[in-house]
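These are my notebook entries on a structure that I looked through step by step. I set down what I looked up and what I found.

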There are 2 protein chains.
Amino acid sequence: MTTGERASRPGGRTARVRADVLAAVEAELAEHGYDGLTIDGVAARSGVHRTTVYRRWKTVAGLLVDLLRAGLDDSWEPADTGSLEGDLLKLNREVHTALTERPSITQAVIAASFRTPEAAEALTAFWADRYRRSAVVVRRAVVRGEVDPSIDPHQVVMTATAPLYHQLVLLRQPLSRASADRYARAAALSAQSGIGSSHA
Amino acid sequence: MTTGERASRPGGRTARVRADVLAAVEAELAEHGYDGLTIDGVAARSGVHRTTVYRRWKTVAGLLVDLLRAGLDDSWEPADTGSLEGDLLKLNREVHTALTERPSITQAVIAASFRTPEAAEALTAFWADRYRRSAVVVRRAVVRGEVDPSIDPHQVVMTATAPLYHQLVLLRQPLSRASADRYARAAALSAQSGIGSSHA
């Protein structure tokens, strides 16, 4: 779920330049937040010439959008631990780390999404993709016979993860790793009890 | 849960001026968003002299903070329908309306909280108070014998409401009223099944 994955580097100077620039965008975002992100800062940190960065990415928003777009091409997938509870625990710990680490690139990207519509759009696409990929943890549980096939995978993943985002990002209150675990376990138990299936 | 309640008007010119100004802040926020909120616009709409507004509220952030502070003194409480499921359904419908109505003051206030730290702090205090008040729906369910006393009231209310905020505010995806109902029902059923209690 994190935005921390970088585009892979399948050779080629163009791909290498992009990887270097996006790594610098992440580092600058983490250090200074979106307000402190500048094309010059990214150029200096990446070692890529500023005219190249200006020509290719044009604006600070353009850099952020490309960082999120790179996330669409990465190989992230939820861990396969062999049980729905285990998979949701792993997922929630990943979300918890991404939102509580300091500095948090995820928090910086969320803040940016309330400042520029391009960032909002790119973040929406990024998350839609991440939630689509995450649904596999429920489909695997169906195959194992752990949960009923009528269960809505998106609802299960949302029930586990949404409280972390809501409490840490919007309510701006602390949330322990133990609480993150509790939400994951409750979501797994609910799904296994058939809560959220179309028969319930 | 909405930010739409206005400070009561217990007589007095000062209280009346405040109520008029805060009503204008809401209307301007709803129409133009936080970026379009100006002291002059609020003064014009409220009919209160602009030097009075400048003297008392100083900045646009000051106006927003006072709007949220007024919410702390209002009489909002969750409806008492006689069942946990009914209470959570009502709560989720209220949140759903607040986040999907156009214009949405709640969405405007959330966006503002990512622009000024004062707004973030005031929104945090507002929501902490709303979630504290909402916990009564679970305590009533305990008294009725619907749920185990070891259940965590905050976890139950978060399980019901967090997916609405996450999907409509951060993921920026549509969420139907039927889905809002489903999350409320699932949270009630989970609590009644003892999921989220310290024994579970």
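**Entry 1: Gln107 of chain B**

I began with one side chain and found that the side chain of Gln107(B) reaches the backbone oxygen of Leu99(B) at 3.2 Å. I note at the outset that the model is a predicted one. I then looked up the place of Gln107(B), which is in helix 6 of chain B, residues 105-113. Which residues does Gln107(B) contact once its neighbours within four places in sequence are left aside? I found Leu99(B), Leu168(B) and Val169(B).

**Entry 2: the loop before helix 6**

I next checked the peptide bonds. In chain B, the bond from Arg102(B) to Pro103(B) is cis, with omega near 0 degrees. I located Pro103(B) in the loop between helix 5 (84-100) and helix 6 of chain B. I turned to chain A and recorded a cis peptide bond from Arg102(A) to Pro103(A), again with omega near 0 degrees. Pro103(A) sits in the loop between helix 5 (84-100) and helix 6 of chain A.

**Entry 3: the fold of chain A**

I counted the secondary structure of chain A and obtained 10 helices and 0 strands. Along the sequence I therefore wrote down no strand symbol, the pattern being α-α-α-α-α-α-α-α-α-α. For the extent of the chain, I noted that the C-alpha atoms of chain A fill a box of roughly 60 × 40 × 25 Å along the principal axes.

**Entry 4: annotated spans**

I consulted the UniProt record, an unreviewed entry, which places "domain: HTH tetR-type" at residues 15-75 of chain A. In the model, this span of residues 15-75 is 77% helix and 0% strand, and its end C-alpha atoms lie 16 Å apart. The UniProt annotation "DNA-binding region", also from an unreviewed entry, covers residues 38-57 of chain A. I found residues 38-57 to be 80% helix and 0% strand, with end C-alpha atoms 12 Å apart.

**Entry 5: salt bridges**

How many salt bridges are there over all chains? I obtained a count of 27. I looked at one of them in chain A, where the side chains of Asp66(A) and Arg18(A) meet at 2.9 Å, N to O. Asp66(A) belongs to helix 4 (residues 60-72) and Arg18(A) to helix 1 (residues 13-32), so this pair ties together parts of chain A that are 48 residues apart in sequence. Between chain A and chain B, by contrast, I recorded 0 salt bridges.

**Entry 6: the interface**

I then turned to the contact between the chains, which takes 32 residues from chain A and 32 residues from chain B. Chain A and chain B bury about 3100 Å² between them, with 66% of it on carbon and sulfur atoms. Which three residues supply more of the area that chain A buries against chain B than any other three? They are Phe114(A), Leu170(A) and Arg172(A), and they supply 23% of it.

I looked separately at Arg172(A) and found phi near 50 degrees, a positive value in a residue other than glycine. Arg172(A) lies in the loop between helix 9 and helix 10 of chain A.

I found 9 residue pairs in polar contact across the interface of chain A and chain B, both residues of each pair being at pLDDT 80 or more. On the side of chain A that touches chain B, helix 6 (105-113), helix 7 (117-134), helix 9 (153-170) and helix 10 (177-192) each supply at least two residues. Helix 9 of chain A gives the largest share of that side, with 11 residues. By class, I recorded 19 nonpolar, 10 polar and 3 charged residues on the side of chain A that touches chain B.

**Entry 7: the relation between the copies**

Lastly, I superposed the chains. A turn of 180 degrees and a shift of 0.0 Å along the axis lay chain A on chain B with an RMSD of 0.0 Å. The two copies are thus related as by a two-fold rotation axis. In chain A, the C-alpha nearest the axis belongs to Ala162(A), at 2.7 Å from it. Why do I write that the copies meet through the same surface? The reason is that 100% of the interface residues of chain A are also interface residues in chain B.

Definitions and conventions. Residues numbered from 1 in each chain as written. Chains lettered and ligands numbered in written order. Predicted model: local features only at pLDDT ≥ 70, side-chain atom pairs only at ≥ 80, totals over all residues. Heavy atoms only, no water. UniProt positions renumbered as here; feature names shortened; annotations may be inferred. Helix = DSSP H or I, 4+ residues; strand = E, 2+ residues; numbered from the N terminus. Contact = heavy atoms within 4.5 Å. Buried area = accessible area lost by both parts, 1.4 Å probe. Salt bridge = Lys/Arg side-chain N within 4 Å of Asp/Glu carboxyl O. Polar contact = N/O pair within 3.5 Å; in protein donor to acceptor, adjacent residues only side chain to side chain. Nonpolar A, V, L, I, M, F, W, Y, C, P; charged D, E, K, R; others polar. Least-squares fit on C-alpha atoms with pLDDT ≥ 70 in both.
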